[in-house]
Amino acid sequence: MILSGLDWSIVVLYLVSAIGIGLLFVRKASQSPDDYFVAGRSLPWLIAGTSMVATSFSADTPLFVAGMSRESGISSNWFWWSAAIGQIATVFFFAKLWRRTEAVTDIEFVAQRYEPSRVRDTLRIFKVIFDGVLINCTIMASVTLAMAKILTVMLHLSDQPLLVLPIAGGITSTTLLLIVLGGAAVLYSLLSGLYGVVYTDLIQFALAMIGCIILAIVVYVDATHSSDIISALSATPGFNKQLINFFPPLNTFNLATFTFLVYIGVTWWSQAPGNGYQVQRMLATRSENDSLLAFLWYNFCHYILRPWPWILIGILSIIAIPHIADPETAFPQMIDIFLPSGLKGIMVAAMLAAFMSTIDTQLNWGTSYLINDLYHPFIRQHASGRHYVAVSRISMLLLTLIFLIVTSQLRSILGVYKYLGVLTSGLGTVMIIRWFWWRVNPWSEISALLSAFVVGNLLEFTLPSIPGRDLFAVRVLITVTTVTVVWVVVTFLTSKEPGRQTCEFFRRMRIAGPGWKKISQITGVMQKKGELKTAFLLWFTCTVFFYSTLLAIGKLIFTQWLWAAAYLSLAALSGWIMRNNFSRAIAVASGD
């Protein structure tokens, strides 16, 4: 079905609204880098948390989740569900600490934490290039690739190039449309900074959630109009019942079991401290309490509210589309098949909203790295706030050009995420321990970054995944083990006595734990008592609550009533314990 005039009207209305809201904040964002990159540290927790959720709801996310669920089953979602362990740890261990730094970016942490030296400067510059350009542009490219798949399927566009350009390759009608749509996101993020990004995110999140829930309900009702969901799936020729298992077989040890254990035991480490746009939103909040609550709200929306519509659509696409060449196109094809005029326009606008929300955020925080951690400290230190904002806008255009070139080279969304997962997984241990052990230094991080990059890329060639044999978890475990050994050895060889900057950092942060006990004795500054104990309790109970709630919803959808009751009971118990102890975390965060 081709979009009707009503559908196009809805899409145009959304675009005009998004640009209009962004333009409202142009003057406010132009005052200083703090206004442009962290919204003057004025965001309430609900605004900051919702903005994080909207950004993570990118155009590629429903495509790869639906495609992965259809191809490998519900249990394959532990690839990203496992990150909740680390991100819930961020809520209770790191959110308030990030806000306490008063930094503009997470890379600025390097300048606050380590002694002044050429090594520290090298690390800061390297991270700008690695995180702000390489990884950032790869993520934006994967999001753009997903939007291209959506537009091609939804609008029935030809994949034949209209012209061929050097480096960029073939330019199709889809490419031209993406340039127009992406240009809108670039426009308001360019002019209004983080203010425009977060407030347009509110509309984008609401629209994207409404669209996905409507599609999931329509598809579910269609599949179950004459029987229950299990019977409907079982009646589909070639359906494999293993696809609706929530866990891989745990009674035998095979590659699937090993992969699951690596997911829940290792891969979440890289998520624990928080990074990138998530840290940017926490730094932009009004207080430490707002930072903690914002990230808790983000996790609730990300792991409880959003997953099942995507997964359900992917699984039920087996009934509607038994044969498909590219599983990642199942989601847009289901939109095309099931939604009538009007609802289809809402869904296209929702996917466009998801696309724009991610692009505007990635551009803003990627530019914040280039300005706050490269241009300002190393190229031009003394200039007006308006000068840095002007240079920020030029840098944003440069990042746009780079990610468009990277987009032309990508083919698989899930492949991109797994490649980045291997590279970043090895960094988790050093990124966590640098907060809690004074001996971690720039050499620790540099050795971790270099070894992760070398080992991760080497394993991509020596242990590649092939159909039916996904060695992602093997590559992750080897990378994490190697990188951790390297940086720990380097730390003992390079760090002997604490310096002035280390002591000053502790005076401001007052981090609890034995890793700072020596510095507490040197400075005479007492550590915050009870902070770690409360954090561990809340981390455990909140993790149990999130997973039991997530699984209970799934069991209800698939009419497995006893399991649903068991998970709901566990959620109620863990939620009660968490609620009774949550006030302590707020009190500690407030310094009471």
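In this predicted model, lysine 518 is partly exposed, with a relative accessible area of 32%. Its salt-bridge partner is glutamate 497, with N and O sitting 3.3 Å apart. Glutamate 497 is exposed, at 59% relative accessible area. The two residues come from distant parts of the chain, 21 residues apart: lysine 518 belongs to helix α24 (residues 517–523), while glutamate 497 is in the loop between α22 (472–494) and α23 (500–509). Elsewhere, Arg41, Arg99 and Glu102 are tied into one network by salt bridges that share partners.

A search of the whole structure turns up 12 salt bridges. One that spans a good stretch of sequence pairs aspartate 201 with arginine 281, where the closest N and O atoms are 3.6 Å apart. Here aspartate 201 sits in helix α10 (residues 173–223) and arginine 281 in helix α13 (residues 276–283), so the pair links parts of the chain that are 80 residues apart. Both aspartate 201 and arginine 281 are buried. Another salt bridge joins aspartate 290 to arginine 286, with 3.4 Å between the closest N and O atoms. The two ends of this bridge sit in contrasting surroundings: aspartate 290 is buried, at a relative accessible area of 7%, whereas arginine 286 counts as partly exposed, at 47%.

As for charge overall, the protein carries 40 positive and 29 negative side chains. The centres of these two sets lie 9 Å apart.

Turning to the fold as a whole, the protein has 26 helices and 2 strands. Its radius of gyration is 24 Å, close to the 25 Å that the globule rule gives for 592 residues, so the protein is as compact as a globular protein of that length. Taken along the principal axes, the C-alpha atoms fill a box of roughly 75 × 55 × 50 Å. Of the 592 residues, 60% count as buried. The accessible surface comes to about 22900 Å², and carbon and sulfur atoms account for 69% of that area. Contacts tell a story of sequence separation: among those with a separation of 6 or more, 81% are between residues 24 or more positions apart.

Two buried residues give a local view of the packing. Alanine 349 lies in helix α17 (residues 343–379) and is buried, with a relative accessible area of 0%. Setting aside neighbours within four places in sequence, alanine 349 is in contact with Ile10, Val11, Tyr14 and Leu207. The C-alpha atom of alanine 349 is also 7.8 Å from that of alanine 208, a residue 141 positions away along the chain.

Threonine 541 is the other example, found in helix α25 (residues 531–557). This threonine is buried, with a relative accessible area of 5%, which puts threonine 541 under the 20% cut-off for a buried residue. Not counting residues up to four places away in sequence, threonine 541 touches Ser574, Ile577 and Met578.

Methods. Residues numbered from 1 in each chain as written. Predicted model: local features only at pLDDT ≥ 70, side-chain atom pairs only at ≥ 80, totals over all residues. Heavy atoms only, no water. Helix = DSSP H or I, 4+ residues; strand = E, 2+ residues; numbered from the N terminus. Rg over C-alpha atoms; globule rule 2.2 N^0.38 Å. Buried < 20%, exposed > 50% of the residue type's maximum accessible area, 1.4 Å probe, protein only. Contact = heavy atoms within 4.5 Å. Areas by Shrake-Rupley, 256 points an atom, 1.4 Å probe, with all protein chains shown as cover. Lys, Arg positive; Asp, Glu negative; His and termini not counted. Charge placed at Lys NZ, Arg CZ, Asp CG, Glu CD. Salt bridge = Lys/Arg side-chain N within 4 Å of Asp/Glu carboxyl O.
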